[in-house]
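Please look over the sequence and the model below before reading my notes. They are meant for someone meeting this structure for the first time.

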Amino acid sequence: KYVPEELMSEALEIVRSIQNESFLAYTLIGLAKYLPEVMMGEVLTVIRSIQNECSRADALRELAEYMPEKLINEVLALARSIQDEYSRALALRGLAKYVPEVANEVLTVVRSIQNEASRIDALIRLAEYVPEELMNEALEIVRFLQDEFPRASALQGLTAHMPEIVIEALDVVRSIRNESSRASALRGVAK
C-alpha cells in the first residue's frame, strides 16, 4: 500500500470525480481493500451514486468482502434494488459468500433472467456459492434450458463446483440430442 491512511479520504474524493462509471467501479474495487473500515460507509455512498446497474453490481459483488458486518444489510438492499436480473444475480452472488441465506434468493433471480445465455452465465458464476441443499434446484434450472450447447456449458460449470451432482448431471447429458453438445457436456462432467 503506497497511499498513507491519512490520505485515503483524498483518494476516495479522486475516485468520486471519475465520470465513467465503469472506471469508477473498477477503481473503487482496487482501492477498497486499502480503505479503513470506517470509510466503507462512504464507499457505499459512491456505489449508490453509480447509475449503470452493471457497474454498480460489479462494485457490490467485489466489495462485499470488505464491508463491515454492520453494513451488510445495506449492501444487500442495494443489490436487491438493481432492476436488471443478470446484474442483480451477480451482485447477490458476491454477497452469497458472506451471507449464505442469499443463495436461495440468487437462484430465484437466476430463474427469472429472460436471456438464456445470461441465465447460464449467472448460474455458472453462482455455482461455487450454492449450498448443498440447493444443488438439485440449480440442476433443475439447467434441465429446462432449451438450447443444448448452453445446457452442456452449464453442466460443466456446475459439476466443477458441485462434484456431488455428477450422477444427476449424467442424466441431463443423456438427454442432450446434439452429439457434439453431448460430447462436450460429458467431457466437462468427467473432469
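The points below cover one helix, the loop that follows, and one serine.

1. This is a predicted model, in which local features need pLDDT of at least 70 and side-chain atom pairs count only at pLDDT 80 or more, while totals for chains, interfaces and linings use all residues. Residues are numbered from 1 along each chain as its sequence is written, and side-chain values use heavy atoms, with hydrogens and water left out.

2. Helix α4 spans residues 53-63 (helices being DSSP runs of H or I, at least four residues, numbered from the N terminus), and because eight of its 11 residues are buried, α4 is largely enclosed by the rest of the structure. Buried here means under 20% relative accessible area, with a 1.4 Å probe and protein chains only. The buried residues include charged-type names such as E53, R56 and R61 alongside A57, A59, L60 and L63.

3. Those buried residues of α4 pack against α2 (21-32), α3 (40-49), α5 (72-80) and α6 (85-96). At the N-terminal end of α4, N52 acts as a cap, with a side-chain oxygen 3.0 Å from the backbone nitrogen of C54.

4. M67 sits in the loop between α4 and α5, and is buried at a relative accessible area of 8%. Setting aside residues up to four places away in sequence, M67 touches M40, V43, L44, I47, I72 and V75, where contact means heavy atoms within 4.5 Å.

5. S184 belongs to helix α12 (residues 179-190) and is buried, with a relative accessible area of 12%. Beyond its neighbours within four places in sequence, S184 is in contact with F149 and Q156.

Definitions and conventions. Helices (H or I, at least four residues) and strands (E, at least two) are DSSP runs, numbered from the N terminus. Buried means under 20% relative accessible area, exposed over 50%, partly exposed in between (1.4 Å probe, protein chains only). A polar contact is a pair of N or O atoms within 3.5 Å; within protein, one must be able to donate a hydrogen and the other to accept it, and residues adjacent in sequence count only if both atoms are side-chain atoms.
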